[in-house]
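Work through the exercises below with the sequence and the model open. Each task is followed by a solution in steps.

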Amino acid sequence: MTANDALTDVAGLRVGHAQVDGEHALTGTTVVLAPEGGVVAAVDVRGGGPATRETDALDPRNLVQRVEAVVLTGGSAYGLDSASGVMAWLEERGRGVRVSADPAQVVPVVPAAGIFDLGRGGDWQVRPDAATGRAAVEAAAATPAGAPVTEGGVGAGTGAVVGSLKGGVGTASQRLESGITVAALVVANAAGSAVDPLTGVLYGQYYDGRTDHPATEVHEAALRRLAEVRAQGASAPLNTTLAVVATDAQLTRAQAQKLAGTAHDGIARAVRPVHLLNDGDTVFTLATGQLPLAEGDPLALNEVLAAGADVVTRAIVRAVLTARGMTGPGGTFPSYTDLYGSGGRKRV
C-alpha cells in the first residue's frame, strides 16, 4: 500500500496550491515541485485547444534533460503567467539549466498547462498571475516530504467543472510488485461528463472495482436537478483535464513520453467524450529515477504504463468525489456528492 494514495508517494515530489483572492475569483494554480537537481520529464498533448508553455522543451530530441517544477493553472492561456512566478523562485535558488560557469546564471524551464475557467467567479479578468504561481511553489516547498495532498476545489481546481458537475483536483498512487511507485495528480475540468447517465455511477468507478449503483430514485432526482441546472443557462465548460503522472522508476526521456501518452487512456476511461477540439487534455510525466526497471526485460516498462492509466482514472474519480458544489455569477454547478451522497475524503 502507498502512504497517502497521492502524488507525493513518489519520494521527493511536493505539491502546493494557491488561489486568487477576491469575491469574484474562482481560479488558482497548483505546482508540482521536483527535488533539487530536477527530474526527467515528458508531455503528451491530445486536446485540440491546449493552453501550454515550454512543452516543446520536453521533446526527447531537444536539449533540456531535467525540469525542476511543473505548473497546472486556471485562467486558460492568461494563467500561464503563473509559471513566471515559479521561474523567478527557482532562479533565486540557482535551480535550472546552467548556461555559464557562474552558478547563478540559470534558466529554469517550467512546463505549464492551463484549464479554461475564465469568468467562473463572475469576473472575466480575474486570472492567476506570477504572484499566484510564486505562492503555489512556496506552498509546495513548505510541505514536508511525503505530505498528503489536498483535493477538491483547490489550486488549479478551484473553478473546475466536469460536465454539469463541480470538478477539481484529485490524486492517487499505486505500488507495483517490483517496488516501483506510480502516481497521478489530476485537474478535472472537462467538457465531457464523468457520470454514466444510465446508472449514476462515475465512469472511472467501473475500472476501480466498484459496481454498486445509486438507488433508482436517487439517480432520477439527480437527473432532474442537472436538467434544472442546464436550463438556467450556466456557462458550459470548454476544457480540460490536466495530469501529472510520476514514478520513482529510472526512465529515459523516450520512456517517459510513452508513459505520458498511455496515461491518456486513464482520462478516456473516466470522462466521455475527451480529446475534442475544445479540450486541452495534457499529461506530463515526471520520473525521479530512484529504482531501475527489471534488467534484461525489454517489456519491464509495461507495468508502469498500465499503472499510469489506472492512477489517472482513480485521480479523476477522487477529483469529482472531493469537490464541493458552487453557485455564483458564473453559474451553478452541484457536486457529485450533493446529488448522490458522500463518498470522498479530504473534502475542501
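**Exercise 1. Pairing of the strands**

Find the residue of E14 that stands opposite Val245, and trace the chain from E13 to E14.

Solution. Step 1: Val245 stands opposite Thr285 in E14. Step 2: from E13 the chain passes through H4 to E14, a β-α-β crossover that is right-handed (with the strands pointing away from the viewer, the path from the first strand over the helix to the second runs clockwise). Helices (H or I, at least four residues) and strands (E, at least two) are DSSP runs, numbered from the N terminus. Step 3: E13 and E14 pair in the parallel sense over seven bridges, where pairing requires that DSSP finds at least two bridges between two strands. Step 4: strand E12 (residues 181-188) pairs with E13 in the antiparallel sense, also over seven bridges; there Leu185 has Val244 as its bridge partner.

This is a predicted model, in which local features need pLDDT of at least 70 and side-chain atom pairs count only at pLDDT 80 or more, while totals for chains, interfaces and linings use all residues. Residues are numbered from 1 along each chain as its sequence is written, and side-chain values use heavy atoms, with hydrogens and water left out.

**Exercise 2. The two faces of E13**

Are the residues on the two faces of E13 buried or exposed?

Solution. Step 1: in a regular strand the side chains alternate between the two faces of the sheet. Step 2: Thr241, Ala243, Val245, Thr247 and Ala249 point one way, and Leu242, Val244, Ala246 and Asp248 the other way. Step 3: all of them are buried (under 20% relative accessible area; exposed is over 50%, partly exposed in between, with a 1.4 Å probe and protein chains only).

**Exercise 3. The crossing helix**

Compare the span of H4 with its expected value, and list what its buried residues pack against.

Solution. Step 1: the 18 residues of H4 should span 26 Å at 1.5 Å a residue (1.5 Å times one less than the number of residues). Step 2: the end C-alpha atoms are 27 Å apart, which agrees. Step 3: the buried residues of H4 include Leu259, His264 and Ile267. Step 4: the buried residues pack against strand E3 (40-45), E13, E14 and helix H5 (302-322).

**Exercise 4. The loop after H4**

Locate the cis peptide bond at Pro273 and describe His275.

Solution. Step 1: the cis bond joins Arg272 and Pro273, with omega about -10°. Step 2: Pro273 is in the loop between H4 (253-270) and E14 (282-291), and His275 is found in the loop between H4 and E14. Step 3: His275 has a positive phi of about 60° although it is not a glycine, and is partly exposed at 26%.

Methods: Contact means heavy atoms within 4.5 Å.
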